[in-house]
Amino acid sequence: MRAVSLLTFFSLGAASAQTLVPLDSRPATRVLPALIAGLKGDTVQVPAAKVLGNAERGADPAALTAWLAQQPANEPLIVALDALAYGGLVQSRTSPLSAAEAVTRLQPLRDWQQRTGQPVFAFITLPREPEATDRARNLEVIRQMMTWAREGVFRELHVTWDDALPGSPAPQEGAALAKDAPANVHVYPGADEVLSMLTARATAPGEKKVKLVYSDPQAATAVMKYEGISLTRSAENHALGSGFTVAQASETPDLTLFVFNGGDPRRAAIQISGLQRQGPVAVADVAQVNLGNTRLWKDLSTLRQSANLLALAAWGTPGNNLGTALAHAKVALDGANPIRQDALLAREYANDVIYSAELRAALRKAIPEKDLNTPAAQAKLLSLARDHFPLRLGDTYTIADASLPWGRSFEWDFDLESK
């Protein structure tokens, strides 16, 4: 058996190709970007989970700054600014820090760029409502970061907004910021997926063309609940943010992104299979939030097409799924190690399809949410997970370990082994 674990793909101490400062310690924001960054065989530097924030505790700014100072200074830095400024995404909504104090916490990034001369790819979020307690402070910090981008501190700065429910001021704030943004600042809805997208920008900088195909083209023009814009516009934003240009009808794309946004899943599976005969295909399943469509994925498995996808995503909001699928595909197109590529596709399937669509519900049925942060819950999770394996893609994978890193059912972490 060959272990396919975190340490197979990135290191906490070896020489590296990139250094990542994630938004927080969740697997979607820490593990997934690092696996994408390591697809071509490079070792990636990422802080230990204990240094980063969780729902109750923000990142340790002193420890995070000290860690950054120890990293190699000859490769790009990809950083979630909210982690250093406030302690993480959750803390960015409620931190009592002033704008000046938050900017002071970010000064080591400016110092790092001036010392090393290496490119810095960064993002910062407009917080979601109603949790945000000081939007004016967050906006002031963002404007200062836009000034830094204009001065060349950042190669790119992405300003994104998080979970814009109806009535959220974030889309209007984003539009106002975009009016004064320099060319290296991009403004769009997103959060958890953005570090993966910036990783693709740094790892695979060459331009590629993507064709966007929707299972329900008419529905794709409607405004989405969590983003305040249409699905078509969001897909275009995430494509551009990941380093793609959207192919014109007369152009041959390097990638087709099939967006499942409703309709007949069996018909969609057949359509995906047909598109794969024309070239590389990635799938973003966005029909439901945080929930893959079991019929679609079972039909793709029956057609024996899951292993032939370049990337898949179904784990989060539409933006989460669009961004991570595109980021993975962008790096894979640049020449992924085939073992790492298959292993990452297996991890995506295990997380986005098996866990989101089936295992999470079984766990919630077996154990109340309030009791999940216990050894008994962790043991039950592993027991339930084993019923869904082996998983056959290119290789055959079994589940080696599983845990609930934030003590809740929303996300899990796990190790696979391949034969």
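The two main pockets and one parallel sheet of the model are described below. The model is predicted, so that local features need pLDDT of at least 70 and side-chain atom pairs count only at pLDDT 80 or more, while totals for chains, interfaces and linings use all residues. Residues are numbered from 1 along each chain as its sequence is written, and side-chain values use heavy atoms, without hydrogens and water.

The largest pocket has a volume of about 430 Å³. A pocket is an open set of points on a 1 Å grid over the protein atoms alone, where a 1.4 Å probe fits, with protein on both sides within 12 Å along at least five of seven lines; lining residues have an atom within 4 Å of a point. Its lining comprises 26 residues, with Arg-26, Arg-128, Asp-162, Asp-163 and Asp-192 closest to the centre. Two or more lining residues come from each of α5 (89-94) and α13 (318-333); helices are DSSP runs of H or I with at least four residues, and strands are runs of E with at least two. By class, 11 nonpolar, 6 polar and 9 charged residues line the largest pocket.

The second largest pocket holds about 350 Å³. Among its 17 lining residues, Ser-301, Ser-306, Tyr-349, Leu-391 and Arg-392 lie nearest the centre.

An open sheet of 5 strands follows the order β9-β8-β10-β11-β12 with parallel pairing, where two strands pair if DSSP finds at least two bridges between them. Its edge strands are β9 (244-246) and β12 (311-313). Within the sheet, β8 (208-214) and β10 (255-260) pair over 5 bridges, and Val-210 has Leu-255 of β10 as its bridge partner.

Methods. Grid points are joined across faces, edges and corners, and a volume is the space filled by probe spheres set on the points. Ala, Val, Leu, Ile, Met, Phe, Trp, Tyr, Cys and Pro count as nonpolar, Asp, Glu, Lys and Arg as charged, and the others, Gly among them, as polar.
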